[in-house]
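Please open the model in your viewer and keep the selection tool at hand, as this tour moves from one stop to the next.

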Amino acid sequence: MYLCDFGFQGGIGYYVGDANPHIFVHPREAYGGFFRYRFTQRWALQVQGITQRITGLNPDGTGFAVKNNGMWTNQLVNIDVVAEYNFFRFDVAEYDSRVKTYTPYIGLGIGMSIHSGFTRVSGYLPFVIGFKWKFHPRCNLQLVWQHNVYFSDNLEHVDAYNNLHDLNGSNILNCDVTGTLMVGLSVAFATGKKVCRRCEE
């Protein structure tokens, strides 16, 4: 079993908040890299860095978004750590039918976002649903949907949408949300310890 893999991923990202009420509204590009350490065939820990651009409609002066009034944009740089659980035992095994070269998986972690021209930092909780496929003993392909729930309401970098009066500190339902849908490719390295002497032959 390879213990580590390193890769890159890219796709689209979205923002949900005061300006966009639904997911995948005004999607924009998202891309980055990741490193994964496998503890077992089911459990892994992933560290990733993603940058994405979010956008929405400008406010009408009362704090609500209006159509045909221009758009605002903001660039996010997200770094998070996610614990992953594979539904199947994920690896390459010639003599064990329980081990699969593909698996759906879920993940939960903690993250930090730097945004608004590198002037603000916000924490968030990442929730992950994905699918992995090992098409080569050292190469993995993954499709992953990540949903980030923030601890703040200031991702827009627009005064009318930000939490000017600090009312959202205790109500996570009023905080901003971002997400990404991406395809990733990784290469595995660092083999684990052999389980028997004959495996070394």
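Which residues is alanine 19 in contact with, leaving aside its neighbours within four places in sequence? Select alanine 19 together with Gly56, Leu57, Ala65, Trp72 and Tyr161, which are its contacts once those neighbours are left aside, where contact means heavy atoms within 4.5 Å.

Before going further, please note that this is a predicted model, in which local features need pLDDT of at least 70 and side-chain atom pairs count only at pLDDT 80 or more, while totals for chains, interfaces and linings use all residues. Residues are numbered from 1 along each chain as its sequence is written, and side-chain values use heavy atoms, with hydrogens and water left out.

**The chain as a whole**

Switch to a ribbon view, and you can follow zero helices and 10 strands, where helices (H or I, at least four residues) and strands (E, at least two) are DSSP runs, numbered from the N terminus. Of the 201 residues of the chain, 40% count as buried; buried means under 20% relative accessible area, exposed means over 50%, and partly exposed lies in between, with a 1.4 Å probe and protein chains only. Among the contacts in the chain with a separation of 6 or more, 62% come from residues 24 or more positions apart.

**Around alanine 19**

Return to alanine 19, which sits in the loop between β1 (2–16) and β2 and is buried, because its relative accessible area is 6%. Now add methionine 71, which is 52 residues away along the chain, although the C-alpha atoms of the two are separated by 9.9 Å.

Next, select the largest nonpolar core, whose 10 residues are Tyr15, Ala19, Ile54, Trp72, Leu76, Tyr124, Tyr150, Leu155, Val158 and Tyr161. A nonpolar core is a set of buried Ala, Val, Leu, Ile, Met, Phe, Trp, Tyr and Cys residues joined through side-chain atoms within 4.5 Å. In soluble globular proteins, nonpolar side chains tend to be buried together.

From this core, pick tyrosine 161, whose contacts beyond four places in sequence include Asp18, Ala19, Pro59, Phe64, Trp72 and Glu156.

**Two histidines in loops**

Histidine 26 is in the loop between β1 and β2, and it has a positive phi of about 50 degrees although it is not a glycine. Histidine 157, in the loop between β9 (139–150) and β10 (177–191), has a positive phi of about 60 degrees, and it is not a glycine either. Histidine 26 counts as partly exposed because its relative accessibility is 27%, and histidine 157 counts as partly exposed at 44%.

**The largest cavity**

Where should you look for enclosed space? Select Asp5, Arg36, Arg38, Thr40, Trp43, Ala44, Asn86, Phe90, Lys132 and Asn140, which line the largest cavity. On a 1 Å grid over the protein atoms alone, a cavity is a set of points where a 1.4 Å probe fits but cannot get out, and lining residues have an atom within 4 Å of a point. The space in the largest cavity is about 40 Å³, and β2 (28–38) and β3 (43–57) each supply at least two residues of its lining.

**Last stop: the cysteines**

How many disulfides are there? The count comes to zero, a disulfide being a pair of cysteine sulfur atoms within 2.5 Å. Finish by selecting cysteine 4, which is buried at 9% relative accessible area, and then cysteine 139, which counts as partly exposed at 21%.

Key: On a 1 Å grid over the protein atoms alone, a cavity is a set of points where a 1.4 Å probe fits but cannot get out, and a pocket is an open set with protein on both sides within 12 Å along at least five of seven lines; lining residues have an atom within 4 Å of a point. Grid points are joined across faces, edges and corners, and a volume is the space filled by probe spheres set on the points.
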